[in-house]
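Biologist: I'm new to reading structures, so please pick one strand and take me through it slowly. Start with its partners, then work outwards to whatever surrounds it.

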Number of protein chains: 2
Amino acid sequence: MVKMSDVAEKANVSKATVSRVLRNPETVKKTTRDKVLAIIEQLNYQPNILARHFRRSETNTILVVIPNILNTVFSHILGGIEHEAGKHGYRVLLANTNRQVEKEYEFLDHLKQRQVDGMILLSARMDKSVLYDVMKQYPVVLTADYLEGIPIPTVTIDNVSSGRTATEHLIKLGHSRIAHITGPLHLLVSQDRLKGYRQALLQNDLDVDNILIQEGDFTHESGYNQMTKLLALEHPPTAVFSANDEMATGIIKAAKDHGLSVPEDLAVVGFDNVKLSAIYDPGITTIAQPMFEMGNKAMEILLHQINGDDSCKKQYVLQNELVIRESCGAKRKNNS
Amino acid sequence: MVKMSDVAEKANVSKATVSRVLRNPETVKKTTRDKVLAIIEQLNYQPNILARHFRRSETNTILVVIPNILNTVFSHILGGIEHEAGKHGYRVLLANTNRQVEKEYEFLDHLKQRQVDGMILLSARMDKSVLYDVMKQYPVVLTADYLEGIPIPTVTIDNVSSGRTATEHLIKLGHSRIAHITGPLHLLVSQDRLKGYRQALLQNDLDVDNILIQEGDFTHESGYNQMTKLLALEHPPTAVFSANDEMATGIIKAAKDHGLSVPEDLAVVGFDNVKLSAIYDPGITTIAQPMFEMGNKAMEILLHQINGDDSCKKQYVLQNELVIRESCGAKRKNNS
DNA sequence: CTGAAAGCGCTAACAT
DNA sequence: ATGTTAGCGCTTTCAG
């Protein structure tokens with residue numbers, strides 16, 4: 001393996017100059033710089049990045065902690081992170097927790113050992129005080145998920161207002177018996193969407209009937225099962241707000257299997273606007289999270305922190321948007 | 001930052017002993033080991049992994065090159081890689097190429113600079129000879145994609161036979177006018193699925209009508225568009241084999257928009273068995289790729305290579321499976 | 001603008 | 001079983 005001293009020797013300069021050519025080319029006279037560059041080319045020299053990382057105790061790598069790679073919401077966010085990271089010469093290390101808290105703690109060591117320059121969390125189940133300590137010492141950003149009570153930099157949408165928007169949309173379409181199938185209620189995201197649902201009902205003088213609120217777990221299957229329950233009710237709902245798009249597909253399937261048509265007999269609104277909601281038939285009306293932008297923004301903030309600018313350590317709330325498709329009945333299908 | 005020498009000093013041993021406690025505990029007497037461990041705990045010592053990487057020129061990190069994170073086939077494979085890597089203390093660095101060949105070349109440098117111990121490619125668009133050279137010097141495994149002519153370790157399914165299975169299934173159901181919407185034909189995967197389709201027709205004494213073969217790009221939209229074309233034909237097909245599941249959804253949508261029912265008027269078989277195919281209504285009959293296992297196996301082979309065992313440098317062909325759902329008409333829907 | 005020299009923290013021969 | 005020692009290849013003061 002050819003090393004810096006080989007280049008230096010062959011170019012009749014010192015190692016220091018070679019190093020400068022690589023990292024601060026403008027501080028080297030053009031003629032020497034060109035000479036060194038030529039030799040580097042000629043010897044096909046590749047700097048030993050590990051030595052560099054060691055010496056500088058920086059890795060140009062950031063860690064992304066993901067609860068579940070298979071969830072496309074996270075892949076979209078990851079895409080945004082990746083994009084912004086790439087632009088600034090940073091690499092992305094993936095940390096899949098499979099929703100296990102212990103894994104989150106484990107990955108913290110990467111930060112502490114300076115194996116990565118910063119961390120983006122797409123899920124924060126760990127103890128708040130632990131996270132708070134970490135966040136004071138190292139660059140950390142939270143996105144998709146969020147926490148109450150500690151001032152950790154966060155990029156999200158307003159899930160309460162989004163939940164309200166989704167529900168109000170159904171109310172405006174004339175529904176008064178509206179169910180909500182929530183996400184796992186230990187997640188703040190799910191709680192907030194539920195909160196928004198409640199607010200919308202109350203503000204429109206509609207009763208909140210707890211029997212119409214069922215907890216799901218974001219899977220198609222849970223949407224199917226909970227909807228099947230709701231349809232067995234004496235007074236089943238005429239509309240459902242689903243806390244994500246995948247559950248919405250389960251809800252629609254359950255309705256069909258029960259002999260109902262969507263949206264004629266049951267209106268459905270989902271959440272996220274993942275590709276599935278556009279592909280599915282009927283197209284699912286949904287709240288769009290700006291997933292790519294969330295990833296982008298999170299990375300941007302992280303980079304600021306890495307560069308010592310802590311002024312960006314705040315909460316960022318991005319805009320959501322109601323995307324109207326067929327499942328809610330607001331828009332007629334082309335062929336009907 | 002507390003370092004190894006601090007621990008050594010406080011424990012009245014040499015740095016070497018501390019290092020041994022960390023990396024080869026069994027070579028240290030239990031009493032000294034416990035003493036050192038206690039001090040490590042007490043001082044909250046975290047080894048400087050960067051120094052270790054430098055010194056050992058190993059990083060316990062592997063690189064996964066992905067053409068597109070949003071494609072769930074790749075996320076599933078990634079899941080398998082991640083799982084196997086985690087078991088052996090390896091970390092996974094993500095490299096998204098967005099299907100740009102230049103990016104592939106770029107990421108090669110990570111290997112050459114020893115920033116990663118090995119590489120798994122989920123797409124190999126780069127020049128074969130370049131890849132061949134790399135593969136001779138560094139641990140590399142190819143999966144999902146594959147190449148002809150160079151002996152690079154590969155984990156895939158037999159796409160020709162899979163294409164044949166899918167098509168034969170439609171033939172057995174009595175169809176004789178079967179279309180095929182392919183993936184991008186510059187991919188060997190797509191070419192092979194097409195080859196299987198052709199073989200099935202020929203072996204069953206059916207004509208191959210080129211008008212029934214249309215090239216798609218794996219998106220829902222391309223499935224929709226190509227199917228719309230096929231439906232405008234004087235003799236439209238009664239069945240379609242789609243080179244992936246997402247296009248199958250587009251095909252079904254096009255059929256519906258044309259007033260046809262699936263599977264009654266048009267039978268559809270997809271490919272991959274991603275979650276979408278199970279969620280979609282009607283459920284899509286498809287060829288299941290063992291995605292998780294492919295990732296697992298690829299990682300396993302890579303680890304062997306990293307550990308200097310090159311006997312595993314061969315091609316591995318995993319089993320595919322036909323999953324029958326509603327879209328082909330072999331199984332009646334519950335409610336019909 | 002360039003060179004000399006020190007040393008980052010760890011590992012692994014080699015010696016005891 | 002443990003200690004001694006010599007770097008790994010780079011970056012970065014500090015001098016010149």
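Modeller: Happy to! Two strands pair if DSSP finds at least two bridges between them, and helices (H or I, at least four residues) and strands (E, at least two) are DSSP runs numbered from the N terminus. This is a predicted model, in which local features need pLDDT of at least 70, side-chain atom pairs count only at pLDDT 80 or more, and totals for chains, interfaces and linings use all residues. Residues are numbered from 1 along each chain as written, chains are lettered from A and ligands numbered from 1 in written order, and side-chain values use heavy atoms, without hydrogens or water.

Let's look at strand S2 of chain B, residues 91–96. On one side, strand S1 (residues 61–66) of chain B runs parallel to S2(B), and six bridges join the two. Within this pair, B:Ile66 stands opposite B:Asn96. S2(B) also has a partner in the other chain: strand S2 (residues 91–96) of chain A pairs with S2(B) in the antiparallel sense, over three bridges. There, A:Leu93 has B:Leu93 as its bridge partner.

How much of S2(B) is buried (under 20% relative accessible area with a 1.4 Å probe, protein chains only; exposed is over 50%, partly exposed in between)? Six of its six residues are, so S2(B) is largely enclosed by the rest of the structure. In a regular strand the side chains alternate between the two faces of the sheet. In S2(B) both faces are covered, with B:Arg91, B:Leu93 and B:Ala95 buried on one side and B:Val92, B:Leu94 and B:Asn96 buried on the other.

B:Leu93 also marks the symmetry. Chain B is superposed on chain A by a rotation of 180 degrees with 0.1 Å of shift along the axis, at an RMSD of 0.1 Å (a least-squares fit on C-alpha atoms of residues with pLDDT of at least 70 in both copies). That is the relation of a two-fold axis. Within chain B, the C-alpha of B:Leu93 is the one nearest to this axis, at 2.3 Å. The same surface serves both copies, as 100% of the contact residues of chain B recur in chain A.

Now widen the view to the whole interface. Here 46 residues of chain B are in contact (heavy atoms within 4.5 Å) with 46 residues of chain A. Together the chains bury about 4,100 Å², and carbon and sulfur atoms give 61% of that (buried area is the accessible area, 1.4 Å probe, lost on being put together, summed over both parts). B:Leu50, B:Phe54 and B:Ile279 supply 16% of the area that chain B buries against chain A, more than any other three residues. Between the chains there are six salt bridges (a side-chain nitrogen of Lys or Arg within 4 Å of a carboxyl oxygen of Asp or Glu). A:Glu221 and B:Lys275 form a salt bridge with an N to O distance of 3.3 Å. Contact across the chains also appears at A:Lys253, which sits in helix H11 (residues 245–257) of chain A. Not counting residues up to four places away in sequence, A:Lys253 touches A:His220, A:Tyr224 and B:Asp281, and at 19% relative accessibility A:Lys253 counts as buried.

Back in chain B, B:Ile66 leads us to a helix. B:Ile77 belongs to helix H5 (residues 72–87) of chain B. The C-alpha atoms of B:Ile77 and B:Ile66 are 10.0 Å apart, while the two residues are 11 apart in sequence. B:Ile77 counts as buried, at 0% relative accessibility. Leaving aside neighbours within four places in sequence, the contacts of B:Ile77 include B:Leu122, B:Thr143, B:Ala144 and B:Met291.

One of those contacts, B:Ala144, deserves a pause. B:Ala144 lies in the loop between strand S4 (140–143) and strand S5 (154–157) of chain B. This residue is not a glycine, yet its phi is positive, about 70 degrees. B:Ala144 is buried too, with 16% relative accessibility. For contrast, look at B:Asn44, in the loop between helix H3 (30–43) and helix H4 (49–56) of chain B. B:Asn44 likewise has a positive phi, about 55 degrees, without being a glycine, but B:Asn44 is exposed, with a relative accessible area of 55%.

Terms used: Buried area = accessible area lost by both parts, 1.4 Å probe.
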